[in-house]
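Please open the model in a viewer and keep the selection panel at hand. The stops below proceed from one element to the next.

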Amino acid sequence: MTTVPNVPRWEDFSFQLVNISDGTFQILTEQDLLNVDIWVEPAPTTQKLESGSLEAPAGTEDNPSIIASAMDWAAWQAIRIVPYGDTAKEFWGLIVNAQMQYSGSAIRDTLKLSVVPIEYLLHSRVIYDTTDTGFDGGNKAADDLAKFLVKESALGGTVGTDPDGNSRDWNWGTLAVQADASACAAVTADYEIFEDYLDEIITALGLEYGFIWELRPSVAGGALTFTFNTEVTGGVDRTAGANRWIINDFAGRAPSGERHIDRSQLINAMHSRGITEVEIDAASIAAYGRWEGIGQGDDDQALNLDLENTELRTGSSFRYANAYEWMANWDVGDTVIHNNNRLGVTAANDVVGGVRMSFPERVLDIELRWGLKKGSFTQKTKKGAHRQGGGGGGAGSGGPGWALDTLPVSDTFMLGTSRLIPRADHQHDLLVTADDTNTATITAGAVTFQGADDITTSIIAGDLDIDHDDSAVVPGAYGDATHVCQLTVNQRGHLTAAADVLISGVAPSAHDLLSASHGDTSADAVSRGSIIIGSPLPKWDELTVGNANEAVVSDGVDVLWGFPQPAAHVIDGPQHTGVGATLDVVGFSAANTLDVLTPVSDTAGANSKLLKSDANGYLTTERYQVADANAYFYSAGAGNAQIVGSTYAGCKVGGRVCLTDGTSWFSWNGDALGKAANRWQGFWSTSGNFTGDITIGTGVGIIHADGVVAGRVLRADGTRYIPAQLSVTDLTAGAFTGFTQPTLAGNSDTNTNFANRAIESSAGHLYFYCGDAGGANAGWRTARLITGSHEHPLSGGVATATVSNHRHTIT
C-alpha cells in the first residue's frame, strides 16, 4: 500500500495541467488552486476520477495567474492528480467546462473548471461500421468484447472510415488496448451492437457482466499513450484475516451522512423495438410493481444492457474522519465491513463505491459512497431518447404500435436489417436483398426471400420461416448395433444423402496404453516400476516408481508413494512380533539396525549388550567409561578400585573435591581451602600414624578451626594438640630445649629491658632472660618488681598503714 501521513494535507498531492495533444504540462502549486472537489471510483489499476470541479485564481489581465496563463481555450486539456508521490495511484480528469469570471472592477477573479473522467474521450466515438452489418459480439467474453469495440471504433489500422471515407483513427497521442483475458462470461447471443456511444455501451456491458474499465494515460518522451484496460469487479477483500478492515460511524468518525433511494429511472420490464422481445426484473416487479420501457436492443442480451441503465438506485454516503486510511489500508473498490447506525445501515461486507476528496483548511477531507450513486431526473429523460420517440402516439411520434409517415430518405449506409427503421419523425423504407442478390418479394405483412437451391425464407407476422424443396434422402432411422449412418452434405450444409454402412471389425493400430489414442489418458512413455492412477485432470496417468521401501498410500484425495502410517496401538500389541527370551528388549545394535538385545550379567569383551544384575545383585563389566576413553572407573586388582582421569580424578558433592595425582592439588571449593592462597600443595594422606616429618614452609603456618587468642601455643592435652596459654612450673633441663641453663646468681639488673623475654621460677625466685645476646647483660637475671601505691596488711592487729613508693626485692 501507499505510505500516507497521519494528517494528509494539500501539499501531499501534486496537480498538473496537461495538454493531451502533446503531453506538455504545467505544475500547479498550492497557491495556484483555491478549491478541489473530486469524486474517485474503482478502476483496473487502482482508481480513476469520476467527476469533479476545481477553482483557481485567475489573476488580472496584466498579471494573469499561472493556471490562467497555461489554459488553452482551443484544445483539450486534462488535470493529472498524483497522491503522496505514488504514480500508481494517480487519476486524470478531462476538462469539459471552463469558466473565467471577473467582477465589476475589471479584475478577473476566478477560473472554474469542471472535469469528467479521462475515459470520456471514448465518448468521441459511436459504434457502427460501413458494411451495414453491425458488430457481431457472439461468443466473445464480455471484457474481450469491450476491447473489440474499442479497436473497431477508434484504433488506427483496425477501425474503418466513416460513410464519406474520412478517417476515424484516434486523435490524441497513441491508443493501446490490453490483451484479451476472457475473464468474464461469454456474450453467447449473436446480436448486433450499433448506434450508441462507445463509452456507454462498455459501461453497460461492465454492469451486466461484472467488469470495470479505464483509459489509463501514461507519459513518455513528451507523448501520451492511452491504454484501455478491463478487470473483473471486486478489488481486494478486506473482510477477514490480516486484511480485515471496518468502516463505520463509531466514536464520531462519520460526522455527517445520507442514505438515498432513487426511483426516477426505474424500469423493470424492457421491450424491444417493435415489441417483439421483453426482458423483466422479477424481483423488482414484485417489490415496486411493473414499470415498462422500450430499449434500443432487439434481443435478450441487448435488452439486459438497457435494464442495467434503468435499475433502482439505492445507497448511502457519509464523511469519514480517518482520511489517512484511504490508499494506506484500503482502496476504492475494495470490500470492507461497513455499517452506519445513525443511517440504519447494518453491518455487512460492502464495496467502497467511491471517495470524494476536498481540502477544507488545506487538510484532506473525504466522503465515502456505498451502493449506486444518486441519479438526477435529467438522466431519466435522457434515457427517454432510447425509447424511439418516448410516447405520445399518433402519426410521426415514433412510438411502437403507431403508424409512421414514410418520407423519401435514402437508405445508403443505413444501419440494421429491419423492414422499417423508425427515426424521431420518419422511417426508412428499405430494399432488402437475399444472399444471392435476388430481390425479396414484399407483400402485405410478409417478406419472402427466394434463394439458391430452391430455398425460400419468409417473414410473416414476426415469424421466420425457412423452406426448401425435398431432398433425395429417404425418411427413416439410420444406424444400429452393426451399422453406422453415412451422410452426404453439400457446401451449403444441406443433407443430400443418407445410408447405412456395415461396421466391420478393424483392429486399431498399435499404440501406447497412455497416449493420445485414448481420450481419458495422459500421454506418458513406459517407465520401469510405474503404475497407473487417476489424476486430478481427471485422466488415467502415470505414477513413477517411488523411493526404496516406499509403498502406495492415500492422502484421502490422491494416491502417492510414502510410508504407511499404522493406526495407534500399544507397543506390546499383536502388531509387533519377535523372537526373544525373558528380559530381552528391542533396540539398535552395533550395526545400527533394530534388533533383539539380550541383557547379561558380565559384558566383558562384548558389544551391544545390556547389563543386568547377577545373583548377588552386582553389575559386572571390564571398565566403566565416562565421557571419553581417558576418563573411566575400573578394578586395579587386589581389591583396589581406581578412578582415572586425563587431567584429574575426583568427585563433586556441592563444591568440587579433587584428589591429587602427585603433581596437581587437593581443593575443596566453597571453603577457605579453595582459595588460591590457601590451597594445600603436594598433600598426601595415609592410614595410621605419620611416619615422616611434616614441613611447613616459610611464612606459613597451621590454621586452627577454633578461635585462638594471640600469643598462645599448641599444648598437648594427652589426646591432641590444642592452643593454650604458656605456664612454666619448673626450670628443669628439658623444660626449655634450646635455652642456656640459667645461672641462679643473686645478681639483679634494674635497667635491663626484659619485655617479651621468658620468665622462669626456681626455688621461689623469679628470673628473666636478657635478650641482648653477646652484650654485657646477657644471661639470666633476678627479677625486680616495682610497684605503685598499695597497702600492706600488718600483723598483730595493728591498723592498716599506708606505705609510699618503694621497691620490693625478692631473694
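**First stop: a sheet and the helix across it**

Select strands 10, 14 and 13: these 3 strands form an open sheet in that order, with mixed pairing. Strands pair where DSSP finds at least two bridges between them; strands (E, at least two residues) and helices (H or I, at least four) are DSSP runs, numbered from the N terminus. Strand 10 (174-177) and strand 13 (211-220) are the edge strands, each with a single partner strand, so one side of each has no neighbour in the sheet. On average, neighbouring strands of this sheet are turned by 20° against each other, direction ignored.

This is a predicted model: local features need pLDDT of at least 70 and side-chain atom pairs count only at pLDDT 80 or more, whereas totals for chains, interfaces and linings use all residues. Residues are numbered from 1 along each chain as its sequence is written, and side-chain values use heavy atoms, with hydrogens and water left out.

Next, display the pairing of strand 13 with strand 14 (residues 223-232), which is antiparallel and extends over 10 bridges. Within it, Val 219 stands opposite Leu 224 in strand 14. Then add helix 3, which lies across strand 13 and strand 14 and runs at about 130° to strand 13. Axes are lines fitted to C-alpha atoms, for helices over the stretch in contact, and angles run from 0 to 180 degrees between N-to-C directions.

**Second stop: helix 3 against helix 5**

Keep helix 3 (residues 198-209) and add helix 5 (residues 300-308); the two pack at an angle of about 95°, with their axes 9 Å apart. Helix 3 is therefore roughly perpendicular to helix 5, a term for angles of 65 to 115 degrees. Which residues of helix 3 meet helix 5? Select Ala 204, Leu 205, Leu 207, Glu 208 and Tyr 209, which meet Gln 301, Asn 304, Leu 305 and Glu 308 in helix 5; contact means heavy atoms within 4.5 Å. The residues of this contact divide into 5 nonpolar, 2 polar and 2 charged. Here Ala, Val, Leu, Ile, Met, Phe, Trp, Tyr, Cys and Pro count as nonpolar, Asp, Glu, Lys and Arg as charged, and the others, Gly among them, as polar.

**Third stop: the sheet beside helix 5**

Select strands 18, 17 and 19, an open sheet of 3 strands in that order, with mixed pairing. Strand 18 (278-280) and strand 19 (292-294) stand at the edges with a single partner strand each, so one side of each lacks a neighbour in the sheet. Its twist averages 20° from one strand to the next. Strand 17 (residues 269-271) and strand 19 run parallel and are joined by 3 bridges; Ala 269 stands opposite Glu 292 in strand 19. Helix 5 packs on this sheet, touching strand 17 and strand 18, and its direction makes about 45° with that of strand 18.

**Fourth stop: two loops**

Move to Ile 275, in the loop between strand 17 and strand 18. Phi of Ile 275 is near 55°, a positive value in a residue other than glycine. Ile 275 is partly exposed, with a relative accessible area of 45% (buried means under 20%, exposed over 50%, partly exposed in between; 1.4 Å probe, protein chains only).

Finally, select Pro 538 in the loop between strand 32 (531-534) and strand 33 (540-543). A cis peptide bond joins Leu 537 and Pro 538, with omega about 0°.

Terms used
Angles under 35 degrees count as roughly parallel, over 145 as roughly antiparallel, 65 to 115 as roughly perpendicular and the rest as oblique.
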